[in-house]
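Grab a pencil and work through a few exercises on sheets, hairpins and a ligand site. Try each task yourself before you read the solution.

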Amino acid sequence: MHGPPATRRDALALLSALVLLPGAARAGHREQQADHFLFGSPVRLRVRLPPGEPATPALEATMAGLAQIHRRWNAWKPGELSRLNEAFRAGRALRVAPDLQAVLRSAARLERDAFGLFNPGIGGAVGAWGFHDDVMRPGARPGTRTLAAWRAAAPSLAQLEMRGDTVSSRNPRLQLDLGGYAKGVAIDRALDRLAAQGLGEALVDLGGNLAAMSRPGEPGWHIGIRDPQGPGLVASLVTAGREAVVTSGSYERFRLLDGERCTHILDPLTLAPATGLVSVTVLHASAAHADAAATALLVAGPDRWRRVAEGLGVSRVMVIDRHERVELSAAMAARLRWGSEAWRRRSRVA
Ligand code: AMP
Ligand code: MG
């Protein structure tokens, strides 16, 4: 399947925080996979199959479904989301597809439960920082007046007005950016689609966002969590049933602005790049929920992540700070195997 040149693809693949490790094979089954490049990341679908029919048509249809979400819900390219943002700016209502309405409703709930630290309505500020570009070029920080104007407008999904099949907002500065959520939604849907076609043992890996399923009694998928700052693994785990592992990292995408490294994740209250944590990993049944949570917890930082995790109802969390100190919930600790003794020693169950 097509994508960017191999060099860029390889560089991005190296950045991926999660990696599929060799695991227990299922007796009598074989594995088939399909690769693509979407959402600015390598995408991999992998299924376990009994001998016989290949799963190629199901894999192709699932990949096409992912590509469709990528096209529709990229706020920075012409599509449903950019049209909706244009409608907000002009004070118009727009008819919106039912699935996007559902996504906006659940995103609004997640924003509230995350005390506003996950906020997909701050697209204007994301654009002002230049974090929407596929290529993160060095440059200058946005001006203080520009950021003050976005802060004063205080965009929030609570300002969405949904009537029948239309959506509007009285805040012209509400600008949707689903960059912290759509990948999770997309990989949940990919698993639904594979399951509907009888492929109950599958994995979708979308650069730092991974969702897997295995049938009861069958082995799960063995996932490695990479060291954010060097080679090797921090830890690994085996998925159970249907489960997603999602990582948000301040090291993954950033711009050098006025010589300083600025991560692509913003604190919605200050509209400054999040500092404090280098990486957050969330394990949850829903990839969409885990995706929003990982973004929110990265913003929450070392002092607030526990409270925000509680608000969001996520119990399996691991965070790593700039000094490579690891904190994790007891429920997460129960699932992990450390990548080295050094990582185990640097960890603390909180
Ligand atoms: P993720 O990699 O899932 O943490 O998502 C990061 C992306 O989400 C960024 O590239 C922005 O497009 C968007 N974003 C940045 N800050 C936030 C935030 N506080 N809440 C929601 N989305 C955000
Ligand atoms: Mg996210």
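The exercises below are about this model, which is predicted.

**Exercise 1. Find the edge strands in the sheet of order E4-E6-E5, and work out why one side of each has no neighbour.**

Step 1. Start with the layout: the sheet is open, has three strands and is paired in the antiparallel sense.

Step 2. Look at the ends of that order. Strand E4 (94-95) and strand E5 (160-163) each have a single partner strand, so one side of each is left without a neighbour in the sheet.

Step 3. Now zoom in on one pair. E5 and strand E6 (residues 166-169) are antiparallel and share four bridges. For a concrete example, take glutamate 161: its bridge partner in E6 is serine 168.

Step 4. Add the helix. Helix H3 (residues 80-90) packs on this sheet and touches E4, E5 and E6. The direction of H3 makes about 45° with that of E6.

Step 5. There's another helix to place: H4 (residues 98-113) lies across E5 and E6. Its angle to E5 is about 140°.

**Exercise 2. Trace the strands that pair with E3, and say which residue in the hairpin of E2 and E3 takes a positive phi.**

Step 1. Begin with strand E2 (residues 30-38). It runs antiparallel to strand E3 (residues 41-49), and nine bridges join them. Within this pair, glutamine 32 sits opposite valine 47 of E3.

Step 2. Check the turn. Two residues lie between the strands of this hairpin, and phenylalanine 39 has a positive phi near 55°.

Step 3. Move on to strand E7 (residues 202-206). E7 pairs with E3 through five bridges, again antiparallel. Here leucine 45 has valine 204 of E7 as its bridge partner.

**Exercise 3. Do the hairpin check for E12 and E13: how many bridges are there, and which residue has the positive phi?**

Step 1. Count the bridges: four of them join strand E12 (residues 254-257) to strand E13 (residues 260-263), and the strands run antiparallel. Leucine 256 faces arginine 261 in E13.

Step 2. Go to the turn. There are two residues between the strands, and aspartate 258 takes a positive phi near 50°.

**Exercise 4. Which strands are at the edges of the sheet of order E1-E9-E10-E17?**

Step 1. Note that this sheet is open and antiparallel, with four strands.

Step 2. Pick out the strands that pair on one side only: strand E1 (18-20) and strand E17 (337-338).

Step 3. Follow E17 to its pairing with strand E10 (residues 233-238). Two bridges join these antiparallel strands, and in one of them alanine 235 is partnered with tryptophan 338 of E17.

**Exercise 5. Describe the surroundings of ligand 1: what kinds of residues form the shell, and which backbones come close to a nitrogen atom?**

Step 1. Count the shell: 17 residues surround ligand 1, with Asn119, Asp177, Ser248, Leu266 and Thr295 the closest.

Step 2. Sort the shell by type. You get nine nonpolar residues, six polar and two charged. Helix H8 (residues 287-312) gives the largest share, three residues.

Step 3. Look for polar backbone atoms. An N or O atom in the backbone of leucine 117 is 3.0 Å from a nitrogen atom of ligand 1. For asparagine 119, the distance from a polar backbone atom to a ligand nitrogen is 2.8 Å. Leucine 266 also has a polar backbone atom 2.8 Å from a nitrogen atom of the ligand.

Step 4. Finish with the cover: on its own, ligand 1 has 510 Å² of accessible area, and the protein covers 92% of that.

Technical notes: Residues are numbered from 1 along each chain as its sequence is written. Chains are lettered from A and ligands numbered from 1 in the order in which they are written. This is a predicted model: local features need pLDDT of at least 70, side-chain atom pairs count only at pLDDT 80 or more; totals for chains, interfaces and linings use all residues. Side-chain values use heavy atoms; hydrogens and water are left out. Two strands pair if DSSP finds at least two bridges between them. Contact means heavy atoms within 4.5 Å. Axes are lines fitted to C-alpha atoms, for helices over the stretch in contact, and angles run from 0 to 180 degrees between N-to-C directions. A residue is near a molecule or strand if one of its heavy atoms lies within 4 Å of it. A polar contact is a pair of N or O atoms within 3.5 Å; within protein, one must be able to donate a hydrogen and the other to accept it, and residues adjacent in sequence count only if both atoms are side-chain atoms. Accessible areas come from the Shrake-Rupley method with a 1.4 Å probe; for residues, only the protein chains shown count as cover. Ala, Val, Leu, Ile, Met, Phe, Trp, Tyr, Cys and Pro count as nonpolar, Asp, Glu, Lys and Arg as charged, and the others, Gly among them, as polar.
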